[in-house]
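Work through these exercises with the structure open beside you. Try each task before you read its solution.

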Amino acid sequence: MLSGKTSGTIIDLTTAYQITDAFKLGLNGASFSAPDAVKGGFEGVALYPQLAVSKDVTLGLRGEYFKTKNGGFVTAGPPAGESITAFTLTANIKAGPLNLIPEVRLDNGSTAQFINKNAGPAKQASQFLIAAVYAF
């Protein structure tokens, strides 16, 4: 928990439990309240199941739900009182000192909160990325 009169208060819990040698379950919950003079903020929860399919490959699915609180504090993201549900399929592939992390993410807003390819409003968005991490 972090709190300040002019910055607001955030409470964030991140935890994981290794259920079996191959299966781990993570949880993240957060709540932010803007300062009294501003009001608003957000709250959300995410669940992270991960399955090791081999010594060098792990697959994961992250489900997230975030909602803004009513009030004046919305600098980015959905308007006050709106929400986003997101699912991310991820992999972690180890090849010696190189670690590849491809991800596919699907977002669904309660209203049109995203921008489509024609620069118009959209309720849904999708992204693909791949990260390469080299440890030395």
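**Exercise 1: The start of the sheet**

Leu 2 has Ile 10 of strand 2 as its bridge partner. Keep in mind that this is a predicted model.

Task: Find how many bridges join strand 1 and strand 2, and in which sense they pair.

Solution.
- Step 1. Begin at the pair Leu 2 and Ile 10, the latter in strand 2.
- Step 2. Count the bridges between strand 1 and strand 2: there are 3.
- Step 3. Read the sense of the pairing: strand 1 and strand 2 are antiparallel.

**Exercise 2: The whole sheet**

Task: Give the order of the strands in the open sheet, then name its edge strands.

Solution.
- Step 1. List the elements of the chain: 10 strands and 0 helices.
- Step 2. Follow the pairing across the open sheet. Its 8 strands come in the order 1-2-3-4-5-6-7-10, and the pairing is antiparallel.
- Step 3. Look for strands that pair on one side only. These are strand 1 (2-4) and strand 10, the edge strands.
- Step 4. Add the twist: from one strand to the next it averages 10 degrees.

**Exercise 3: The other edge**

Task: Describe how strand 10 is paired, and how many of its residues are buried.

Solution.
- Step 1. Locate strand 10 at residues 124-134.
- Step 2. Find its partner. Strand 7 (residues 98-109) pairs with strand 10 in the antiparallel sense, over 11 bridges.
- Step 3. Check one position: Gln 124 in strand 10 stands opposite Asn 108.
- Step 4. Count the buried residues. Strand 10 has 11 residues, and the count is 1, so the strand is hardly covered under the cut-off of 20% relative accessible area.

**Exercise 4: Two threonines**

Task: Decide for Thr 68 and for Thr 15 whether each is buried, partly exposed or exposed.

Solution.
- Step 1. Place the residues. Thr 68 is in strand 5 (residues 57-71). Thr 15 is in strand 2 (residues 8-18).
- Step 2. Take Thr 68. Its relative accessible area is 10%, so Thr 68 is buried. The cut-off for buried is under 20%.
- Step 3. List what Thr 68 touches beyond four places in sequence: Gly 41, Phe 42, Pro 78, Pro 79, Ala 80, Gly 81 and Glu 82.
- Step 4. Look at Gly 81 again. Its backbone nitrogen is 2.8 Å from a polar atom of the Thr 68 side chain.
- Step 5. Take Thr 15. Its relative accessibility is 38%, so Thr 15 is partly exposed.
- Step 6. List the contacts of Thr 15, again leaving out residues up to four places away: Leu 25, Gly 26 and Leu 27. The C-alpha atoms of Thr 15 and Leu 25 are 8.5 Å apart, and the two residues are 10 apart along the chain.

**Exercise 5: An unusual phi**

Task: Explain what stands out about the phi of Ala 119, and say where this residue sits.

Solution.
- Step 1. Recall the rule: most residues other than glycine have a negative phi.
- Step 2. Compare. Ala 119 has a phi near 65 degrees, a positive value in a residue other than glycine.
- Step 3. Place Ala 119: it lies in the loop between strand 8 (114-115) and strand 9 (121-122).
- Step 4. Check its cover. At 66% relative accessibility, Ala 119 is exposed.

**Exercise 6: The whole chain**

Task: Set the radius of gyration of the chain against that of a compact globule.

Solution.
- Step 1. For 136 residues, a compact globule would have a radius of gyration near 14 Å.
- Step 2. The chain has 18 Å.
- Step 3. Add the cover: 24% of the 136 residues are buried.

Terms used:
Residues are numbered from 1 along each chain as its sequence is written. This is a predicted model: local features need pLDDT of at least 70, side-chain atom pairs count only at pLDDT 80 or more; totals for chains, interfaces and linings use all residues. Side-chain values use heavy atoms; hydrogens and water are left out. Buried means under 20% relative accessible area, exposed over 50%, partly exposed in between (1.4 Å probe, protein chains only). Helices (H or I, at least four residues) and strands (E, at least two) are DSSP runs, numbered from the N terminus. Two strands pair if DSSP finds at least two bridges between them. A polar contact is a pair of N or O atoms within 3.5 Å; within protein, one must be able to donate a hydrogen and the other to accept it, and residues adjacent in sequence count only if both atoms are side-chain atoms. Contact means heavy atoms within 4.5 Å. Axes are lines fitted to C-alpha atoms, for helices over the stretch in contact, and angles run from 0 to 180 degrees between N-to-C directions. The radius of gyration is taken over C-alpha atoms; the globule rule is 2.2 Å times the number of residues to the power 0.38.
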